[in-house]
Amino acid sequence: MPERRRTPTLPARLTARLPALRTPADPGCWRSPVRGARFTAVLGVVLLAGLTVLFVTGLLSYAAYNPDLDPVNDKTPGKGWLGFYLFAWPTGPHWLYRLTQGLHVTVGVVLVPVLLAKLWSVVPRLFALPPARSVGHALERLSLLLLVGGALFEFLTGLLNIQLDYLFPGSFYALHFYGAWVFLAGFVTHVALKLPRAVRVLRSGGIPRGGPDTLAAPDPLPATLSRRGALVMVGAGSLLLLVTSAGRSFDGPLRRTALLTPRGGTEQGQGANAFQVNKTAAAVGITPADTGERWLLTVRGPAGELRFSRAGLLAMEQHTAALPIACVEGWSTSDQLWRGVRLSDLAALAGYPDRPPAVFVESLQRSGSFRKAALRDNQVRDGRSLLALEVNGAPLSPDHGYPARIIVPAAPGVLNTKWVETLTFGEL
Ligand SMILES: Nc1nc2c(c(=O)[nH]1)N[C@H]1C(S)=C(S)[C@@H](COP(=O)(O)O)O[C@H]1N2
Ligand SMILES: [Mo]
């Protein structure tokens, strides 16, 4: 059947009612009655606090890897002076990284609606003409490019990394690290320029003194939602994200509230080993043959090269430590009861009886990231730092690192190497 031909033009009745075409550079083009100085100022102040937490906890996360200790720990070896602030990551309180990285990821997720609302509230400014009224104004707009681009980039890379489980292994760290510094350059400039005004607007109850509200629409449409209502909606969005993602930092029923994360399901593993697994043994190619009777631990130091079977390690003095696993992706477990040999005892056998040095740890795992790590002397010295053989009263499961794994207080999961094969003690 032939189709009826449609007329390409709109009915005259309709075109007559359409307003004159406005470009986005025309302030009259933007007609939401919600935009205004107070709306923007409230969101801006929330972001000032939230983004500061993100930046500081992000820098702490980098420091927690002990990147200057050894190149295997450093995911951005070209950082140069950007690593000026690095310090020896402490071993206490034992939940330190669980807290800082849980905050980093949870605050990041929760701020998404605030960031989007803030950008929406000022989007007409993006199109304002002329592009620059003065050198100062040009610099201000340039700083916005760093700020907005940097913030969107950081949120995107961070969210992809936690949601898709290492989407870009290796390169994530470099992207997120340098992106953060670009963002900071824009953020500091923007806050210096805008904070006094935001504070004035908030103090005066929303009316910018000495001028019109240039963020408000000159020709607003009738309101369907008050400004306060719009802020409440943004807050409700953040709250929803909070209650559906914070559970990743806990276990049991709380974890199951984390609907928005790959870590929100039931615990992996069984019995004593029923807690989250990052990479399974199968995923990294560790077979029962590698970890069976044939397995031997090699310990190197000034005393030479020593070898230990699992039975030999179990015959040594055993110590326990209640420590969590806390991953850079923001998920963590509560304290698990680990049992095994103290790293400082192994250091003594390796030829450091008095003052344990740093240690270089290598896994059986043959490829992939995180199969090697270096631990600083303060970590080796801590009595809770173990080469763990058991957890919660049972032998380690293959997925949690059988026959032996590292566990160190306050450290990121990345430094808790599984399926350990070699420990080399000495100054790195
Ligand atoms: N050999 C090896 N050890 C490893 C990893 C790895 O990929 N390979 N992943 C690390 C990371 S990123 C984390 S968060 C913890 C997770 O430990 P779990 O799987 O026992 O919870 O193991 C760490 N140890
Ligand atoms: Mo991790």
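The following exchange concerns ligand 1 and two cysteines in a predicted model.

Tutor: In this predicted model, local features require pLDDT of at least 70 and side-chain atom pairs count only at pLDDT 80 or more, while totals for chains, interfaces and linings use all residues. Residues are numbered from 1 along each chain as its sequence is written, chains are lettered from A and ligands numbered from 1 in the order in which they are written, and side-chain values use heavy atoms, without hydrogens and water.

Student: What makes the pairing of His400 with ligand 1 a polar contact?

Tutor: A polar contact is a pair of N or O atoms within 3.5 Å. A polar side-chain atom of His400 lies 2.6 Å from an oxygen atom of ligand 1, so the pair meets that limit. For Gln276, a backbone N or O atom is 2.7 Å from an oxygen atom of the ligand.

Student: How much of ligand 1 does the protein cover?

Tutor: The protein covers 100% of the 530 Å² of accessible area that ligand 1 has on its own (Shrake-Rupley method, 1.4 Å probe).

Student: Why is Cys327 called buried and Cys29 partly exposed?

Tutor: Buried means under 20% relative accessible area, exposed over 50%, and partly exposed in between (1.4 Å probe, protein chains only). Cys327 has 5%, and therefore counts as buried. Cys29 has 28%, which lies between the two limits, so Cys29 is partly exposed.

Student: How many disulfides does the structure hold?

Tutor: The structure holds zero disulfides, a disulfide being a pair of cysteine sulfur atoms within 2.5 Å.

How values were computed: A polar contact is a pair of N or O atoms within 3.5 Å; within protein, one must be able to donate a hydrogen and the other to accept it, and residues adjacent in sequence count only if both atoms are side-chain atoms.
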